[in-house]
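Biologist: Please take a close look at one interface in this model, and then set it against the rest of the assembly.

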Amino acid sequence: MKTTGNALRLALAGTLASAVVLGGCGTADQPRQSAGSLTFMSGGGAYLDALDEAFLKPFAKDTGIAVHNDPTLSYAKIKTMVGAGKVTIDVTPAEGYWEIQECGKTLLPLDRTLVDLSDIDPALIQGECGAPLLTYSTAIYYNKEAYPGPDKPVGCRDFFDTAKFPGKRAVRDSAVPNPLIECALVADGVSPDALYPLDLDRAFKKIATIRKDLVFWASGAESTQLMTAGEVAMIHAWNGRAYAAIAEQGAGFAPAYGEAFLIYDTLVVPKGVRDPKAAMKLVDYMLDPARQAKLTSLIPYSPSNKKAVLTGLPAPLQEFLPETNPKVAEGVHVQDQRWWAQNADEVTRRWQAMFQG
Amino acid sequence: MALSLRSVRKEYGGQVAVDMITLDIAPGEFMTFLGPSGSGKTTTLNMIAGFVQPSAGEIFMGGREISRVPCHKRGIGMVFQNYALFPHMTVEQNVAYPLKQRKVPANVRRERVSAALGLVQLQGMERRRPAQLSGGQQQRVALARALVYRPPVLLMDEPLGALDKRLRETLQFEIKRIHDELGITFVYVTHDQDEALLLSDRIAVFKDGRIEQVGTAEDLYERPATTFVAEFVGDSNVFHGTLAASGTSVRLDDGRELRVPGCGASSAGRGAAVVLRPERARVLVYGEAAQPSCQRLSGVVASVHYMGSARRIEVEIDPRRRMLVKEPADRPSGVHPGDPVDVCWQAEDCAVILSDEGHGTHREPATRRPVSAT
Amino acid sequence: MTATLQAERRPGSPAPRVRGDSSAPWLLLLLPALVLLALCFVYPLARLLVASLQDPVPGVGNYTDLLRSQVFRNVLGRTFLTSAIVCLTCFVLGYPYAYLMTVVSRRTRSLLLAVVLIPFWTSLMVRTFSWLVLLQDNGVINDTLAALGVGRLELVRNTTGVTIGMAQVMLPFAVLPMYAVMQKIDRRLLRAAESCGAKPVSAFARIYFPLSLPGVAAGMSITFVVSLGFFITPQLLGSPSNAMLSQLMYTEITQLGKWGYGAAMGFILLATALIILGLVRVASRARPALAGGAK
Ligand SMILES: Nc1ncnc2c1ncn2[C@@H]1O[C@H](COP(=O)(O)OP(=O)(O)O)[C@@H](O)[C@H]1O
Ligand SMILES: [Mg+2]
């Protein structure tokens, strides 16, 4: 009898404790959103540090509205929050194709009375729910040791010409929105101005020709690593990462200056935020040309605002940005996120069938 | 089969576990290694079995030197204190295991297993697992497993150590019976002197890695070669002194003189220990008449214990010496603690151990309490 | 049983276990764990099951689509194959390691334990990246091999790399259960076997190994099941053709927002894993040694 009582008491206490722990799990996110404050969600790391310094801290100082950071960016999480009606974040940068996919479903349309897009590069304004924040491009860089002769790879044609330029090529290990598709079509003779709608049959057929020479990187850091270790002959990499590898870490790579494909991060506000107006205000604040120029001095991304004046950038960085290097600007084509938003599923299926199946 | 150890020695990192043991065991003999814990019995047995390599010396089995032969090729049977049955095998599989190793055909195997289980009276348990057996049953299985391939030599290391007294006695008789039935050489390790006396043809008494004495139970009891043997095998009263010129008495350190069976005058002046078994002495109420040939010491009864078969009486001779006497319990003792008494015995019932004869003689102070039964 | 044998049964010897009221209150102690399990595991799992049958349209469409998909079937098969390879690698490396731990001195054992637990002390990301640097074509290992005249080997961005990376993470899960069982095996049984005429190798194979099997089964089950869910390691150390199911699920759920489809993948993986584990259990029942021989 005695043991029964003890066991019961222990069991009850334990159950209660676990319930408390669980209750804690469920509510941990809630108190963050106090009145007069916003929560900004991002992937964290150097990107967050730069955004914080260029925009979030100044915004809090200028408006008195504190901005909390949530460094656990995940599209699935945002969708879950909106679906459950418990939205604890206000603003987040998203990829263009996703903004278009989710516009009206998960995301609020931009309030154009609060967000001024007039100075933003019109080529970037592809959806109704996003305010383009910054751009970066996927370009071709080659290993100087792999091609010591006078003939250097220039663009997509050379990237796909393994006879003339033998060696492994590294590309991003993700189907959407991988500009390898666009690059394949250009290599196959399609004019960069007449790419969309992308001919997927043709693109994947072209990719199949270099299939066995392809190596994949899963993260920006890994692409840098491939360059610094000289593991590949050519790479399709983001310009900011190439700058880090070549200029900062001395990787023996050089830009090919041919076709490059530009994508952008765009600021979005999920449906169901407590104070949409305040969120929109933060979005607008982040489009300011001076602050965007400041961001570029902190992290190698280009501004979306045409009026942003990039001054005082280190010379090596200037080489990698289309705004400061005409040779780069010449090759840059903006990727059509509307096409990608509609065809993400189809590209993924084909991509998986070719590489993962 | 005969076993023979020649100057066998085992060291563990400079520590001597077994020191220059030389011993001959006759074919069919029941030899017991008796000694306190840590005296080197197991190590010696393991060298015979082949689990341990001697640091020096030779071991012969049937005339063949085997100290470099690996264990599994020696064909010696072994029974361990913890039974060491294979827990994942049935009784039958355990007993059949040595036969399988020898590639005995299945039909022969079945017969031999059945015969071995019959020998240890365990028929009907074939399908059980060791965990489903009692300790005594497990040790029977172990015995059957060690005997099933008819080894010429069976080694047993304290096989009954984990069993209770009743069971131990039952199994002692069975082991004895099996030895008589099979007629093979048994080497048996124990620290229990009663067990050793009961089972063995001969006993080797171990101490500190050496053999103190080898002999029959009677040799050890009646003619202990050292005071250690005298005290380890049975109870005894030991008096240390010097052999007098006559050779027929020993002068104790306190000046008393004890008559002893003649040792010859040639040994006169040597250190000597007088050993008297407690059942060879009698307690006389103070002043009671006794035979004139009786050697007597006066004292006071310190304690009287009734032990069933005997009565143990402790007598304080002087504050530094007590004597132990065992009297048959069938007659009333007539003495009580505090009574002044005489302890009395016949000189020829004593044994004399000359101290610098043989090795390992006691060098402790002469005054000791009588050794009580171990 | 004869009377003599009956008399020999000692008090401590096994008797039928008494199941009675006395154990009932202590079962209540499981309650907190059960509540935690129900709320943190069963509930989300049920939600996922519902999603897999509801999203985007009600029905079993997600399941039929998946089972028709060649890519899914291939990746599912590969997920199990990779886990099996990792499992086997962990056994080959872990078994001798665990055995070694049972025979060395206390100090050496702590050291061996620390070495095998290192993976727990560093972040998975950092560790995986370190493997990349070590194993890549111009990495330390290949430079050494080249200097030795062996030539460079492809150690990463393939199954080799994935196996190495995953095996390192999983090794403790394989070693610890095996060590726990081995450490309880009475080594004197080996001597007993040798005295029965068994060669040392045979004694190990027929006596020690069967007794260690419960540990092997436990270690291998954990290794296998946990390996099924790997994500970062195969992505970084493998190529897309090493992709495991969790990578596919990630793409579906986070990139394409297809919750139902991703959830259905998870359920097929779970079901297949349970079936395999069930089969292992049945097999180990059939072999009594696995069911628990070591005392
Ligand atoms: N493997 C070993 N390593 C070191 N010393 C040992 C080893 N085995 C036995 N000894 C030592 O050898 C001596 C004799 O041991 P043992 O033969 O087991 O004695 P017994 O069986 O008579 O109790 C003891 O002092 C013991 O500590
Ligand atoms: Mg011993």
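Modeller: In this predicted model, chain B and chain C bury about 2,700 Å² between them, and carbon and sulfur atoms account for 60% of that area. On the side of chain B, the residues that lose the most area to chain C are B:His72, B:His88 and B:Tyr97, which together give 21% of what that side buries. Counted by contacts, the interface brings 37 residues of chain B against 30 residues of chain C.

The rule finds zero salt bridges across the interface of chain B and chain C. Polar contacts are found there, in four residue pairs, with both residues of each pair at pLDDT 80 or more. Two elements of chain B give two or more residues to the side that touches chain C: helix H2 (91-101) and helix H4 (135-147). Of the elements, H4(B) gives the most, with six residues. By residue class, the side of chain B that touches chain C divides into 19 nonpolar, 12 polar and six charged residues.

Chain B itself has eight helices and 20 strands. Its C-alpha atoms fill a box of roughly 80 × 45 × 35 Å along the principal axes. Of the 374 residues in chain B, 55% are buried. Sequence separation can be added to this: among contacts in chain B between residues at least 6 apart in sequence, 67% join residues at least 24 apart.

As for the other chains, two pairs of chains touch, and the most contacts are between chains A and C. Chain A and chain B are joined by no contact, and their closest C-alpha atoms lie 31 Å apart.

In chain C, C:Gly149 lies in the loop between helix H8 (140-147) and helix H9 (159-182). C:Gly149 has a relative accessible area of 63%, which is over the 50% cut-off, so the residue counts as exposed. From C:Gly149 to C:Leu245 the separation is 96 residues in sequence and 39 Å in space, C-alpha to C-alpha. Chain C also holds an aromatic cluster, in which ring pairs link C:Phe91, C:Tyr95, C:Tyr99, C:Phe204, C:Tyr208 and C:Phe209.

Over all chains, a search of the whole structure finds 33 aromatic pairs. One of them is in chain A: the ring centres of A:Trp339 and A:Trp340 are 5.3 Å apart and the planes stand at 90°, so this pair is edge-to-face. A:Trp339 and A:Trp340 are both buried.

Chain A also offers a covered helix. In helix H6 (residues 180-187) of chain A, eight of the eight residues are buried. These buried residues are A:Leu180, A:Ile181, A:Glu182, A:Cys183, A:Ala184, A:Leu185, A:Val186 and A:Ala187. After H6(A) comes A:Gly189, which has a positive phi near 110°.

To return to the part you asked about, the interface of chain B and chain C has 60% of its buried area from carbon and sulfur atoms, zero salt bridges by the rule and four residue pairs in polar contact.

Methods: Residues are numbered from 1 along each chain as its sequence is written. Chains are lettered from A and ligands numbered from 1 in the order in which they are written. This is a predicted model: local features need pLDDT of at least 70, side-chain atom pairs count only at pLDDT 80 or more; totals for chains, interfaces and linings use all residues. Side-chain values use heavy atoms; hydrogens and water are left out. Contact means heavy atoms within 4.5 Å. Buried area is the accessible area (1.4 Å probe) that two parts lose on being put together, summed over both. A salt bridge is a side-chain nitrogen of Lys or Arg within 4 Å of a carboxyl oxygen of Asp or Glu. A polar contact is a pair of N or O atoms within 3.5 Å; within protein, one must be able to donate a hydrogen and the other to accept it, and residues adjacent in sequence count only if both atoms are side-chain atoms. Helices (H or I, at least four residues) and strands (E, at least two) are DSSP runs, numbered from the N terminus. Ala, Val, Leu, Ile, Met, Phe, Trp, Tyr, Cys and Pro count as nonpolar, Asp, Glu, Lys and Arg as charged, and the others, Gly among them, as polar. Buried means under 20% relative accessible area, exposed over 50%, partly exposed in between (1.4 Å probe, protein chains only). Rings of Phe, Tyr and Trp (its six-membered ring) pair if their centres lie within 6.5 Å; planes under 30 degrees apart count as stacked, over 60 as edge-to-face and the rest as tilted.
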